[in-house]
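The following exercises are to be worked with the sequence and the coordinates at hand. Each task is followed by a solution in steps.

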Amino acid sequence: MFTAAGFEKTFAYIELFKQGLVCTISLSVLTVLFGFILALILAVMRLSDVCPFRYLALTRDGHLREQGFLATLSRFNPIRFIATVYVEVFRATPMLVQLFIIYYVVFDGVDLPSFKLFGFIRFDRFLPGVVALALNSGAYLSEIIRAGIQSIDGGQTEAARSLGLSQMQNMRFIILPQAIKNILPPIANEFVTIIKESSICYTIGVQEIMYAVTSIKGATYRIAEPLVIATLVYFCLTFPTSKIIAYFERRMSRGDKR
Amino acid sequence: MATRDSLIQVKDLKKHYNRGAIKALDGVTVNIDQGDVMVVIGPSGSGKSTFLRSLNLLEQPTGGSIIFDGVDITKKKIRNEAGKMVKLDIDQHRQKMGMVFQHFNLFPHLTIMDNMTLAPIQVKHMGKEEAEKKALALLRRVGLEDRAGAYPIQLSGGQKQRIAIVRALMMEPEVMLFDEPTSALDPEMVGEVLEVMKELAQEGMTMVVVTHEMGFAREVGNRVLFMADGKLLEQGSPEEIFGNPQHPRLQDFLSKVL
């Protein structure tokens, strides 16, 4: 299974692992960045209160209708509907399928410039990889943000509104400052997940760590040794990250027990 | 349209859930006059809290009207002085109604001082210095000026509720609504909160109080409402309600709580 000669052969290609590491990290960082922006937009959409048919809810004397088709229609929020459909579709389909659709279908007709990032990462494969990962993690991150906001006790909003604060002021001064504490740790954990998930991008030829493994396999006919090294690299990347997150999580929750 | 005889006129107020299957409020009509200390009593599930929360539209009524300062606040749109239909600014009306909750609903991420000054500064555009001066004066009144820099979690339940009362007073409301303000308190802390409310009543503040404290109802209230099953079954002076109850439901209720 493992042989000293196998490791020796593998180490001859250690440069590929270094490149893979750089690629995995840039892939993950960009994914979290764009995924977070997308998630913010999705969360705002899902929590929005845009009902274009709201006027149908009022009877002629200005009271709320209790039932009927018009009451249902008046509560329809197209913005929330679109965001919900997006999130549900991306969470309910395999990452690999999404990646292939983005790379082989969506970017099929797009003529991407074929320069190389850092001199080795092929941009025309890297970009679809980032797009697919960001679209996917955006769906998950938006659920984290939404849950964080909704986890704040309704009494807070009631108190704020009864003091005369508007909905926006309530969000800005009362809800978000409290929600951010709940949101940050799971977002950091999602970052760890993305580091691991990004390995899927080797299937479209993004030169991250798993791509290095398959390359070395092809060159040396060894699989066990490159895999062991890849495992170690991933572990050294994710384990300290999650430990650092746990440390900050503890520090933040200490604030609650003042 | 402006009828000035009563501060708040509630007419046939209804709140139905589940398409009318549940009637939390089933046609409540009552006038609240300037300086009234109106105590609402009744068994749990009788609609007392729903009634109180409807007054500042934390619950949207499904029927009836609430005329506050000459404006029907249950309407989404009202006719302004110029005779044009304009959107009702509910935030503006909520400022004039202070509300105190069973679970205090202080903002845990803000100091006591910031809890009190946030709304005056953001909503009334009061200067920071002026707001803090005012807050200190109010804190002195309830004997808590030394806790201005503390966070809510550092306070006892009774202290929290006293802060919640003065936080509402910061907005100089025309009426104060109390939703079971002592129900979540340890017994030894009930007195200190009732004392503050009593002082407030003696100063002539208009108050609507939902409570189980019959002693308070008898001693401080000038009118007592008895509600059951979403209906206002009996109202009168404390002497009439406690001394000579008419409705069998009220007699039954009093025999259980007194």
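Of the 258 residues of chain A, 43% count as buried. The model is a predicted one, and every value below is computed from it.

**Exercise 1. Describe the fold and overall dimensions of chain A.**

Step 1. Count the elements: chain A holds 10 helices and 2 strands.

Step 2. Place them in order. From the N terminus, the elements run α-α-α-α-α-β-β-α-α-α-α-α.

Step 3. Compare the radius of gyration with that of a globule. Chain A has 24 Å, whereas a compact globule of 258 residues would have a value near 18 Å.

Step 4. Consider the extent along the principal axes, where the C-alpha atoms of chain A fill a box of roughly 85 × 55 × 30 Å.

Step 5. Turn to the contacts. Among those in chain A between residues at least 6 apart in sequence, 77% join residues at least 24 apart.

**Exercise 2. Characterise the surface and the charges of chain A.**

Step 1. The exposed area of chain A is about 13900 Å², and carbon and sulfur atoms supply 67% of it.

Step 2. Chain A carries 25 positive and 18 negative charges, and the mean positions of these two sets are 4 Å apart.

**Exercise 3. Establish how many disulfides the structure contains, and examine the state of Cys23(A) and Cys201(A).**

Step 1. A search of the whole structure, over all chains, gives 0 disulfides.

Step 2. For Cys23(A), the nearest cysteine sulfur is that of Cys201(A), 8.1 Å away. For Cys201(A), the nearest cysteine sulfur is in turn that of Cys23(A).

Step 3. Apply the cut-off: a disulfide requires sulfur atoms within 2.5 Å, and Cys23(A) is in no disulfide; nor is Cys201(A).

Step 4. Check the accessibility of each residue. Cys23(A) is buried, with a relative accessible area of 0%, and Cys201(A) counts as buried at 0% as well.

**Exercise 4. Locate Ile194(A) and identify its surroundings.**

Step 1. Ile194(A) is found in helix H8 of chain A, which comprises residues 167-197.

Step 2. Its relative accessibility is 4%; because the limit for a buried residue is under 20%, Ile194(A) counts as buried.

Step 3. Leaving aside neighbours within four places in sequence, the contacts of Ile194(A) are Ser28(A), Thr31(A), Val32(A) and Ser137(A).

Step 4. Leu133(A) lies 61 residues from Ile194(A) along the chain, and their C-alpha atoms are separated by 7.8 Å.

**Exercise 5. Compare the settings of Asn105(B) and Asp229(B), two residues with a positive phi.**

Step 1. Recall the general expectation: most residues other than glycine have a negative phi.

Step 2. Read the angles. Asn105(B) has a phi of about 50 degrees, and that of Asp229(B) is near 55 degrees.

Step 3. Locate the loops in chain B. Asn105(B) lies between strand E8 (97-100) and helix H3 (112-123), while Asp229(B) lies between strand E11 (223-228) and strand E12 (231-236).

Step 4. Assess exposure. Asn105(B) counts as buried at 6% relative accessibility, whereas Asp229(B) counts as partly exposed at 47%.

**Exercise 6. Which residues does Ser65(B) touch, not counting residues up to four places away in sequence?**

Step 1. Ser65(B) belongs to strand E4 (residues 63-68) of chain B.

Step 2. With a relative accessibility of 11%, Ser65(B) counts as buried.

Step 3. The residues touched by Ser65(B) are Gln9(B), Val10(B), Lys11(B), Leu13(B), Asp72(B) and Thr74(B).

Notes
Residues are numbered from 1 along each chain as its sequence is written. Chains are lettered from A and ligands numbered from 1 in the order in which they are written. This is a predicted model: local features need pLDDT of at least 70, side-chain atom pairs count only at pLDDT 80 or more; totals for chains, interfaces and linings use all residues. Side-chain values use heavy atoms; hydrogens and water are left out. Helices (H or I, at least four residues) and strands (E, at least two) are DSSP runs, numbered from the N terminus. The radius of gyration is taken over C-alpha atoms; the globule rule is 2.2 Å times the number of residues to the power 0.38. Buried means under 20% relative accessible area, exposed over 50%, partly exposed in between (1.4 Å probe, protein chains only). Contact means heavy atoms within 4.5 Å. Accessible areas come from the Shrake-Rupley method with a 1.4 Å probe; for residues, only the protein chains shown count as cover. Lys and Arg count as positive and Asp and Glu as negative; His and the chain ends are not counted. The place of a charge is taken as NZ of Lys, CZ of Arg, CG of Asp or CD of Glu.
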